[in-house]
Amino acid sequence: MSKRYLFEDIFEVKAIDKDGNHFDKVSRFECRGESFEVDLTLDINIDIYKLEVNQKFTMVLVSSLDDEQEQGYYKYNRGPSLLDKFEYCMMGKVFKTIKEEKSSKLSVHVSFGGLLMLMQGDQRHLQDLELDARIYLLIRKS
C-alpha cells in the first residue's frame, strides 16, 4: 500500500447506541458521510472523546502519520505528524471486505484493538482500504 491518504470525508452523527449501550466507556456511533454518502458505524472510547447526535466531524483514514511508510507500528518522536491536526486517533487493521455481487457496494470492517468500524458505500470510494492493511483513523470535530 503506497497511498498515504486512503479516505476522507465529513460525517454527521445520526444515532448513538441505537441497539443499547453494552459497555461503560464505549459507544457505537451511526454516521452518514456528506460527500460520498458512506454509512459509518464506529465504536469510540467516550471517556476520551465525545460526539453528540447531529454533530459533524472530519474523519481521515491513512496508512502513515507522516511521510515515512509505516512498518506495522508507530515510531514516536519523529517530529510533526498528522496527529497534530486531529483530536482522536486509533490504529487498526482491515479484517474483512465484502463486495456485493449485484451492485457496486463495498463493506469494509476494521478492528482497532476491539473497537470496531464498518464502512458501507460505493466501492470507488472505499477501494483503497485493502484486506489486512494497517491503518490510522483520525477524527476532529467540524
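Here are some short exercises on this predicted model, each with a worked solution.

**Exercise 1. Describe how the chain is built, from its elements to its contacts.**

*Solution.* Start by counting elements: the chain has 1 helix and 8 strands. Next, read them in order from the N terminus, which gives β-β-β-β-β-β-β-α-β. Then turn to burial: 44% of the 142 residues are buried. Finally, look at the contacts with a separation of 6 or more, where residues 24 or more positions apart account for 59%.

**Exercise 2. Find the largest nonpolar core and say which strands feed it.**

*Solution.* Begin with the size: the largest nonpolar core holds 33 residues. Within this core, M59, L61, M117, M119 and L137 have the most contacts. Now trace the suppliers: β1 (5-16), β2 (26-33), β3 (39-45), β4, β5 (88-99), β6 (105-112), β7 (115-122) and β8 (134-141) each give at least two residues. A second core, separate from this one, has 7 residues, including L82, F86, Y136 and L138.

To see one of these core residues up close, select L137. Leaving out residues up to four places away in sequence, L137 touches L42, M59, V60, L61, Y88, C89, M90, F112 and M117.

**Exercise 3. Decide whether T58 is buried or exposed, and list its partners.**

*Solution.* First place the residue: T58 sits in strand β4, residues 56-62. Then compare its accessibility with the cut-off: buried means under 20% relative accessible area. T58 has 9%, so it counts as buried. Next, look for a polar partner: the side chain of T58 makes a polar contact of 3.2 Å with the side chain of S142. To complete the list, set aside neighbours within four places in sequence; T58 is then in contact with E8, D9, I10, F86, L138, I139, R140 and S142.

**Exercise 4. Work out the surroundings of R32.**

*Solution.* R32 belongs to strand β2. Its relative accessible area is 29%, so R32 is partly exposed. For its polar partner, follow the side chain to D39, where a polar contact of 2.8 Å joins the two side chains. Not counting residues up to four places away in sequence, R32 touches I10, F11, E12, K14, E37, V38 and D39. As a last step, compare sequence with space: R32 and Q120 are 88 residues apart in sequence, while their C-alpha atoms are 9.8 Å apart.

**Exercise 5. Characterise the largest pocket.**

*Solution.* Take the volume as your starting point: the largest pocket encloses about 240 Å³ of space. Then move to its lining of 14 residues, of which G20, H22, F23, R28 and D43 are the closest to the centre. Ask next which element gives the largest share: β2 does, with 4 residues. Sorting the lining by class gives 3 nonpolar, 5 polar and 6 charged residues.

**Exercise 6. Examine the backbone at N54 and D132, where phi is positive.**

*Solution.* Recall the background: most residues other than glycine have a negative phi. With that in mind, check N54: its phi is near 75 degrees, a positive value, and the residue is not glycine. N54 lies in the loop between β3 and β4. Its relative accessible area is 54%, so N54 is exposed.

Now do likewise for D132. This residue, not a glycine either, has a positive phi of about 70 degrees. D132 lies in the loop between α1 (123-126) and β8. At a relative accessible area of 47%, D132 is partly exposed.

Notes:
Residues are numbered from 1 along each chain as its sequence is written. This is a predicted model: local features need pLDDT of at least 70, side-chain atom pairs count only at pLDDT 80 or more; totals for chains, interfaces and linings use all residues. Side-chain values use heavy atoms; hydrogens and water are left out. Buried means under 20% relative accessible area, exposed over 50%, partly exposed in between (1.4 Å probe, protein chains only). A polar contact is a pair of N or O atoms within 3.5 Å; within protein, one must be able to donate a hydrogen and the other to accept it, and residues adjacent in sequence count only if both atoms are side-chain atoms. Contact means heavy atoms within 4.5 Å. A nonpolar core is a set of buried Ala, Val, Leu, Ile, Met, Phe, Trp, Tyr and Cys residues joined through side-chain atoms within 4.5 Å. On a 1 Å grid over the protein atoms alone, a cavity is a set of points where a 1.4 Å probe fits but cannot get out, and a pocket is an open set with protein on both sides within 12 Å along at least five of seven lines; lining residues have an atom within 4 Å of a point. Grid points are joined across faces, edges and corners, and a volume is the space filled by probe spheres set on the points. Ala, Val, Leu, Ile, Met, Phe, Trp, Tyr, Cys and Pro count as nonpolar, Asp, Glu, Lys and Arg as charged, and the others, Gly among them, as polar.
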